[in-house]
Amino acid sequence: MTDTKTAELSATRIETLIVGEEARFRAARPRSADLLQRARRVMPRGVPSSFQDSPPQPVYLDRGQGSRVWDVDGNEYVDFHNGFGVMVVGHAHPLVVAAISRQAGRGTHFAQPVEDDIVVAEELARRFGLPQWRFTNSGTESTLDAVRIARGATGRDLLVKIEASYHGHHDALMVSVEPPPDQMGPADHPASVPSSGGIPKAVADLTLVVPFNDLAALSRMLEAHPGQIAGVIVEPAMMNIGFVLPDPGYLAGVADLTHRHGAVLIFDEVKTGLTLAPGGATERFGVTPDLVCLAKAMGGGVPCGAVGGRQEVMQVVEDGEVAQMGTFNGNPLTMAAARATLLEVLTPDAYEHLDTLAGTMRDGLQQVIAEHRLPFHVTAIMARGCVTYRAEPVRNYRDYLQVDKRVAYLSWLYQCNRGVLMAPGAEENWTLSVQHQAADCQRYVDNLAQLAQDLRS
Ligand SMILES: Cc1ncc(COP(=O)(O)O)c(C=O)c1O
């Protein structure tokens, strides 16, 4: 009989390999290092967004084409980072380039409605089964607006979010995103911990926190605050602690409980929308919420966002009771790119291609993991997936805390030093694009095989 049990990894071996890989990383990126020094004089941490600062140092990029990007030192990478999950169309897709170029020559901003707004809203309504849409410019704005709509529609103040879900950087939801173990509270009743300086405790206290995949905890929370909870916001598959799927029946249970307590169910589909299925997690898992938040992939690489909802919930915007607005909302450049992305690039054939690639990744990686008896597992659906550096499944944040972050970092270094760019951090996942091919996936699999060999030697 084959021994299918995983074998422990040596912590000393991991640290030795990290030292070697960091040296190799730095030796190949002198120009990135120079730019970082220069950038530090004008930008805190040398980057425009703190997410872009990751060890050993940020990689400054020069250009992208298809499934590849090139850094300022001339290193080429297969891009699975894809701009934190935005570039499902791949880089410089000819149809997106054509749409943006056409619109750039006809005017990039009016702050007046254009026909493309309607075309994009109609297509999103078709995909998500929700009739009414408004536009924003980022995922943060989408969840901010959804929360306000939920509060306006119910006349209530409290929110419920899932422990460790990230919904953007506004105050109401930047609560318990990665709470430190000494502050996070008991597993079945997590604390509301502000995730940044500058967030008033009074604001964080309006956001209650429950664990993912735990209907009993949600039920208790709703029961404890009768008539006070405006909305429950859930990322239907958690994508900021790796890739954590909902238990069968969990989302339907969340919808049922939320509605029984007169609250609004919000799905944050900023990452899952358009990537797990044409109609996102809503379609994939067969549960339609009251509000859906989109951003990232819908704009084909330009800043974008949208909130969609049921007629009766969006009525507060229709009536003017809730303010939903912004100078750049429905910007013609964004809408031209979104129209091309949704109608010309992310077609049924494209989803079939993504599904095939996901299978290539899953099968190849599972084979490597089994062969080397690694304490890892793989989750992959369509454009999204990840290796989780833990043998047992992860169902929530407390499980995720058991993931070996040092192996995750070593794995990132191995990929980066061997021509694959991944989003940094154990919490991140890969994004495939319609322009990736099986050979791109194979490079990732081969790199993991190399890591496995080195860990075991
Ligand atoms: C699930 C989710 N919601 C919201 C956001 C915020 O989006 P943005 O960075 O466009 O503001 C993110 C960003 O990664 C996200 O992953």
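In this predicted model, Leu159 finds its bridge partner in strand 7, at Gly231. The pair belongs to a parallel arrangement in which strand 5 (residues 158–162) and strand 7 (residues 229–234) are joined by four bridges. Both strands are part of an open sheet of seven strands, whose order reads 4-10-9-8-7-5-6 and whose pairing is mixed. At the edges stand strand 4 (132–136) and strand 6 (207–210); each has a single partner strand, and so each keeps one side without a neighbour in the sheet. On average, and with direction ignored, neighbouring strands here are turned by 20° against each other.

A helix accompanies this sheet. Helix 11 (residues 311–318) lies across four of the strands, namely strand 4, strand 8 (264–268), strand 9 (291–294) and strand 10 (305–309). Relative to strand 4, helix 11 runs at about 55°.

Just beyond the edge strand 6, the backbone offers a detail worth a closer look. Asn213, in the loop between strand 6 and helix 8 (215–224), has a positive phi of about 60° although it is not a glycine. Is Asn213 buried or exposed? With 21 other C-beta atoms within 10 Å, Asn213 counts as buried, because the threshold for that class is 20 or more. Ala252, which is found in helix 9 (residues 250–260), has a sparser count: 14 other C-beta atoms lie within 10 Å, and Ala252 is therefore partly exposed. From Ala252 to Thr154 the separation is 98 residues in sequence and 21 Å in space, taken C-alpha to C-alpha.

The ligand comes next. Its surroundings comprise 14 residues, and the closest are Ser138, Gly139, Thr140, Gly168 and Val270. Helix 6 (residues 139–154) is the element that gives the most to this shell, with three residues. Sorted by class, the shell holds seven polar, four nonpolar and three charged residues.

A second open sheet has four strands in the order 1-2-3-13, again with mixed pairing. Its edges are strand 1 (61–65) and strand 13; each has a single partner strand, so one side of each is left without a neighbour in the sheet. Within this sheet, strand 2 (residues 68–71) and strand 3 (residues 76–79) run antiparallel and are joined by three bridges. One of the residues involved is Arg68, whose bridge partner in strand 3 is Val78. The hairpin made by strand 2 and strand 3 has four residues between the strands, and in this hairpin Gly74 takes a positive phi near 85°. Strand 3 also pairs with strand 13 (residues 420–421), this time in the parallel sense and over two bridges. Val78 appears here too, standing opposite Val420 in strand 13.

Two further backbone features deserve mention. A cis peptide bond joins Pro55 and Pro56, with omega about -5°. Pro56 is placed in the loop between helix 2 (30–40) and strand 1. The other feature concerns Phe84 in helix 3 (residues 82–85), where phi is near 50°, a positive value in a residue other than glycine. Phe84 is partly exposed, because 17 other C-beta atoms lie within 10 Å.

At the level of the whole chain, the domain assignment gives domain 1 (11–79 + 347–456) and domain 2 (94–345). How far apart do the C-alpha centres of domain 1 and domain 2 lie? The separation is 27 Å. Across the boundary, 23 residues of domain 1 are in contact with 20 residues of domain 2. On the domain 1 side, the elements that give two or more residues are helix 13 (348–371), strand 11 (377–381), strand 12 (384–388) and helix 14 (397–400). Strand 12 makes the greatest contribution to that side, giving four residues. The make-up of this side of domain 1 by class is 13 nonpolar, six polar and four charged residues.

Methods: Residues numbered from 1 in each chain as written. Predicted model: local features only at pLDDT ≥ 70, side-chain atom pairs only at ≥ 80, totals over all residues. Pairing = 2+ DSSP bridges. Axes fitted to C-alpha atoms, helices over the stretch in contact; angles between N-to-C directions. Contact = placed C-beta atoms within 7 Å. Domains from an automatic or database assignment. Nonpolar A, V, L, I, M, F, W, Y, C, P; charged D, E, K, R; others polar. Near = placed C-beta within 6 Å. Buried ≥ 20, exposed ≤ 12 C-beta atoms within 10 Å, placed from the backbone.
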